[in-house]
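Visitor: Please take me to one buried spot in this fold and look at it closely. Then work outward from there, and tell me how its surroundings are built.

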Amino acid sequence: MPDLFNAYLNDFLASSACLSWDDLAHRQEGFYASLAFGAAGIAYAHWYAGYLGGDEIRLAEAERWIRAALAGTRHRLAFLDPRAPRGAKIPPWAYLYGRNGLYFVRALIARSRDDRRAERRALACFAELSRTAAAGTAELYAGSAGCLAATAILFEHLGGESLLELGTELSIKLRQNAVLDGRGNATWTGLQGLGLAHGAAGAFLALLLWSAAAGSALPHWFVPNLRALLDTALHSPERFTPRETDGSRLCKGIIGPAFLAARAAQILGDPSFLAAARDIATLATAHLPADSDLCCGRAGCAFALLPLARQDPAGPWRKLAQDLALSTLLCDRADWSLTGLYGGEAAIPCLALNMTFGIDSGPPCLDFIAHRGW
């Protein structure tokens with residue numbers, strides 16, 4: 001199995017190293033720059049390979065791609081689909097969809113290349129946009145929860161007082177924006193459902209990651225509300241998505257809550273969350289995705305299972321994640337209409353790296369960055 005992942009990984013890295021921003025712009029329709037769909041996602045994949053392997057050539061390639069993404073942000077389709085309704089616009093603070101994700105990747109690459117000046121500039125831009133996001137929606141992919149999750153990941157990886165200050169500020173704001181009913185139940189206005197991408201599960205994940213990164217206490221309502229969310233995923237999964245076959249989609253299915261529960265079990269040291277993760281994952285994987293991507297497909301399901309596999313080594317999760325990862329390699333490169341992490345091929349080399357190095361971190365950019373032997 002490692003030989004298959006290595007062969008794919010080397011082919012992807014070599015092929016994308018031969019491409020340019022102009023090639024990408026001719027290859028796909030819109031979404032040229034973002035972490036989710038475009039050049040920043042390619043930069044992240046090269047950075048992750050360089051970071052894990054200590055490979056300066058990969059880090060240099062990551063630098064080339066993130067510079068291209070940043071230079072291309074003024075293109076009218078850098079973050080937009082040309083088929084989107086007129087007036088539709090991705091806000092710059094959106095983590096996975098907008099400009100803020102580019103600064104996130106830029107900071108990681110700069111630290112790995114010991115370019116502290118570039119790192120400081122990237123973090124300053126990231127902080128400015130993240131503070132703007134705090135006044136908007138609480139969703140994970142494009143709102144304040146995403147900025148908090150990204151801050152937690154950066155702080156755990158890079159450290160620093162500026163990130164600690166930013167994360168504390170964003171966490172307080174997200175907690176304050178929670179709407180508590182008379183029974184203490186928490187939600188956030190403006191969210192779409194309960195799923196990880198655009199719903200309440202994403203806000204819970206962001207608060208959990210920040211608590212783990214900074215060692216800060218969670219609000220009193222966090223644990224009981226998280227239990228209620230997980231109970232809904234298990235017993236009323238139709239509230240996440242009415243289609244049973246969508247249950248294993250990371251974005252809106254119940255596999256996202258399974259990943260969230262596994263992380264909660266590890267961070268909070270509560271075995272009941274591990275039991276919930278097992279039960280929800282069993283239900284979610286009864287119907288596996290037909291697509292291969294990270295957001296809606298098999299790559300996302302595989303990533304979501306890895307933290308559970310680490311904590312429940314006797315379970316079927318690692319084998320299932322491996323089978324799902326292998327199945328993504330069957331998608332021909334020409335069939336990928338997008339290039340980034342969440343809608344394109346760039347997630348697959350990250351998944352291959354996790355499998356090759358035995359790393360059990362969850363979805364890239366939504367979980368802490370692992371290292372060899374993690």
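**A buried serine and its surroundings**

Guide: Ser130 is buried, because its relative accessible area is 0% and the cut-off for buried is under 20%. Keep in mind that this is a predicted model. Ser130 sits in helix H6, which covers residues 116-133. Its side chain has a polar partner on the backbone: a polar atom of the Ser130 side chain lies 2.8 Å from the backbone oxygen of Phe126. Beyond residues up to four places away in sequence, Ser130 touches Asn100, Cys147, Leu166 and Leu170.

Two of those contacts lead to a helix pair. Asn100 belongs to the H5 side of the contact between H5 and H7, and Cys147 to the H7 side. Helix H5 spans residues 100-112 and helix H7 spans residues 144-158. Their axes come within 11 Å and cross at roughly 5 degrees. H5 is therefore roughly parallel to H7, since angles under 35 degrees count that way. On the H5 side, Asn100 is joined by Phe104, Ala107, Leu108 and Arg111. On the H7 side, Cys147 is joined by Ala150, Ile153, Leu154, His157 and Leu158. By class, the residues of this contact are eight nonpolar, two polar and one charged.

Now move to the aromatic residues. One cluster is formed by Phe31, Phe37, Tyr97, Tyr141 and Tyr342. Phe31 deserves a stop. Phe31 lies in the loop between helix H2 (21-27) and helix H3 (39-53). Its phi is positive, about 55 degrees, although Phe31 is not a glycine. Phe31 counts as buried because its relative accessible area is 16%, against a cut-off of under 20%.

Phe31 also has a contact in another loop. Leu77, in the loop between helix H4 (56-71) and H5, is in contact with Gly30, Phe31, Tyr32 and Pro82, leaving aside neighbours within four places in sequence. Leu77 and Tyr32 are 45 residues apart along the chain, yet their C-alpha atoms are separated by 6.6 Å. Leu77 is buried too, at 9% relative accessibility.

Phe37, another member of the cluster, leads to Thr339. Thr339 lies in the loop between helix H14 (317-328) and H15. With a relative accessible area of 6%, Thr339 is buried. Outside its neighbours within four places in sequence, Thr339 has contacts that include Leu24, Arg27, Gln28, Phe37, Gly38, Ala39 and Ile42. Gly344, Glu345 and Ala346 are also among them.

Past helix H15 (347-357) comes Cys365. Cys365 also has a positive phi, about 75 degrees, although it is not a glycine. At a relative accessible area of 1%, Cys365 is buried.

One aromatic pair remains. The whole structure holds 16 aromatic pairs. Take Trp188 and Trp221: their ring centres are 5.9 Å apart and their planes stand at 70 degrees, so the pair is edge-to-face. The pair links distant parts of the chain, 33 residues apart. Trp188 is in the loop between strand E2 (186-187) and helix H9 (200-214). Trp221 is in the loop between H9 and helix H10 (222-235). Both tryptophans, Trp188 and Trp221, are buried.

How values were computed:
Residues are numbered from 1 along each chain as its sequence is written. This is a predicted model: local features need pLDDT of at least 70, side-chain atom pairs count only at pLDDT 80 or more; totals for chains, interfaces and linings use all residues. Side-chain values use heavy atoms; hydrogens and water are left out. Axes are lines fitted to C-alpha atoms, for helices over the stretch in contact, and angles run from 0 to 180 degrees between N-to-C directions. Helices (H or I, at least four residues) and strands (E, at least two) are DSSP runs, numbered from the N terminus. Angles under 35 degrees count as roughly parallel, over 145 as roughly antiparallel, 65 to 115 as roughly perpendicular and the rest as oblique. Contact means heavy atoms within 4.5 Å. Ala, Val, Leu, Ile, Met, Phe, Trp, Tyr, Cys and Pro count as nonpolar, Asp, Glu, Lys and Arg as charged, and the others, Gly among them, as polar. Buried means under 20% relative accessible area, exposed over 50%, partly exposed in between (1.4 Å probe, protein chains only). A polar contact is a pair of N or O atoms within 3.5 Å; within protein, one must be able to donate a hydrogen and the other to accept it, and residues adjacent in sequence count only if both atoms are side-chain atoms. Rings of Phe, Tyr and Trp (its six-membered ring) pair if their centres lie within 6.5 Å; planes under 30 degrees apart count as stacked, over 60 as edge-to-face and the rest as tilted.
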